[in-house]
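Q: Please take a close look at one part of this model, the sheet. How is it put together, and what packs around it?

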Amino acid sequence: MTTSTTKFKLNTGAEIPAIGFGTWQDKDAQEDAVSEALKAGYRHIDTARIYGTEPAVGAAIKKSGIPRDQIFITTKLWNNSHDPADVEAAIDASLKDLGTEYLDLYLMHWPSPFARGDALFPRGDDGKPKKGESDYVETYKAMEKAFKSGKARAIGISNFSHSELERLLNETSVVPAAHQMELHPYLQQKSWVDFHKSKGIHITQYSPQVLAA
């Protein structure tokens, strides 16, 4: 194994590997990429409905022969499924494509809803993005049901602002296990990080490595 074996404990008691393999972009290459990542020792695979890579991730995991309980899978709810009535179907679709009975971590990708429907980026007759009417707090409450049913062993958020997270904490019953957000040497956000620590919310960094201009 060539990757770090460091893990962090979530507020659920579960452990999340410190380094994950992201599968954004180039979905046709992801099955091979994830296969190689697993061979190299990665045990945290991050995907999302909008990436279109869940089937490739599922195929690579199946092909690897690695026991499911040794791999940590994160995926994310997309904006067109924010209506509380759509959340269970959305997670079921992700579970099917990933070939698993549960998710280790299920995140709300953004707090901003799109119009309901199959279109990933719905637009109105005027060509402008068509926003949804769902409240992200109600969306999260629907995710809480998935957590309580065991379909998601932990739930969390991504790309939330301070005020959005504070409202979520005040109006829901399950503290997010993780918040995936941009964090790196050029965007350290120390006070924001400290706030998460005070609430027991793990931060997953995306774009943790950046190139100087």
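A: What follows goes through the sheet strand by strand and then turns to the cores and one loop.

This is a predicted model. Its sheet is open and has 7 strands, in the order E3-E4-E5-E6-E7-E8-E9. The pairing is parallel. Strand E3 (21-22) and strand E9 (202-206) stand at the edges. Each has a single partner strand, so one side of each lacks a neighbour in the sheet.

Start with strand E5 (residues 72-77). E5 pairs with E6 in the parallel sense, over 4 bridges. One pair of bridge partners is Leu-77 and Met-108, the latter in E6. The connection runs through helix H3 (residues 84-98): E5, H3 and E6 make a right-handed β-α-β unit.

Strand E6 covers residues 105-108. Its side chains alternate. Leu-105 and Leu-107 point one way, Tyr-106 and Met-108 the other way. All of these residues are buried.

On to the next pair. E6 and E7 run parallel and are joined by 3 bridges. Met-108 appears again here, with Ile-157 of E7 as its bridge partner. The chain passes from E6 through helix H4 (residues 136-149) to E7, in a right-handed β-α-β crossover.

Strand E7 (residues 155-158) also pairs with strand E8 (residues 178-182), in the parallel sense and over 2 bridges. Ile-157 has His-179 of E8 as its bridge partner. Ser-158 has Gln-180 of E8. Helix H5 (residues 162-171) completes a right-handed β-α-β unit with E7 and E8.

How enclosed is E8? Of its 5 residues, 4 are buried, so the strand is largely enclosed by the rest of the structure.

E8 pairs with E9 in the parallel sense, over 5 bridges. Within this pair, Met-181 stands opposite Gln-205 of E9. The chain crosses from E8 through H6 to E9, and this β-α-β crossover is right-handed.

Now the packing. In soluble globular proteins, nonpolar side chains tend to be buried together. In this model, the largest nonpolar core has 38 residues. Tyr-106, Tyr-140, Met-143 and Leu-168 have the most contacts inside this core. H4 gives the most to the core, with 6 residues.

Leu-168 deserves a closer look. Which residues does Leu-168 contact, leaving aside neighbours within four places in sequence? The contacts are Tyr-136, Val-137, Tyr-140, Ile-157, Phe-160 and Pro-176. Two names recur. Tyr-140 is itself among the residues with the most contacts in the core, and Ile-157 is the bridge partner of His-179.

A second, separate core has 8 residues. Its members include Ile-16, Phe-72, Leu-107 and Ala-177. Leu-107 is thus named in this core, while Tyr-106 is named in the largest one. In E6, Leu-107 points one way and Tyr-106 the other way.

Last, the loop after the edge strand E3. Gln-25 lies between E3 and helix H1 (30-40). Gln-25 has a positive phi of about 75°, although it is not a glycine. Asp-26 lies in the loop between E3 and H1 too. Its phi is near 50°, again a positive value in a residue other than glycine. How accessible are they? Gln-25 has 47% relative accessibility and counts as partly exposed. Asp-26, at 55%, counts as exposed.

Key: Residues are numbered from 1 along each chain as its sequence is written. This is a predicted model: local features need pLDDT of at least 70, side-chain atom pairs count only at pLDDT 80 or more; totals for chains, interfaces and linings use all residues. Side-chain values use heavy atoms; hydrogens and water are left out. Two strands pair if DSSP finds at least two bridges between them. Buried means under 20% relative accessible area, exposed over 50%, partly exposed in between (1.4 Å probe, protein chains only). A crossover is right-handed if, with the strands pointing away from the viewer, the path from the first strand over the helix to the second runs clockwise. A nonpolar core is a set of buried Ala, Val, Leu, Ile, Met, Phe, Trp, Tyr and Cys residues joined through side-chain atoms within 4.5 Å. Contact means heavy atoms within 4.5 Å.
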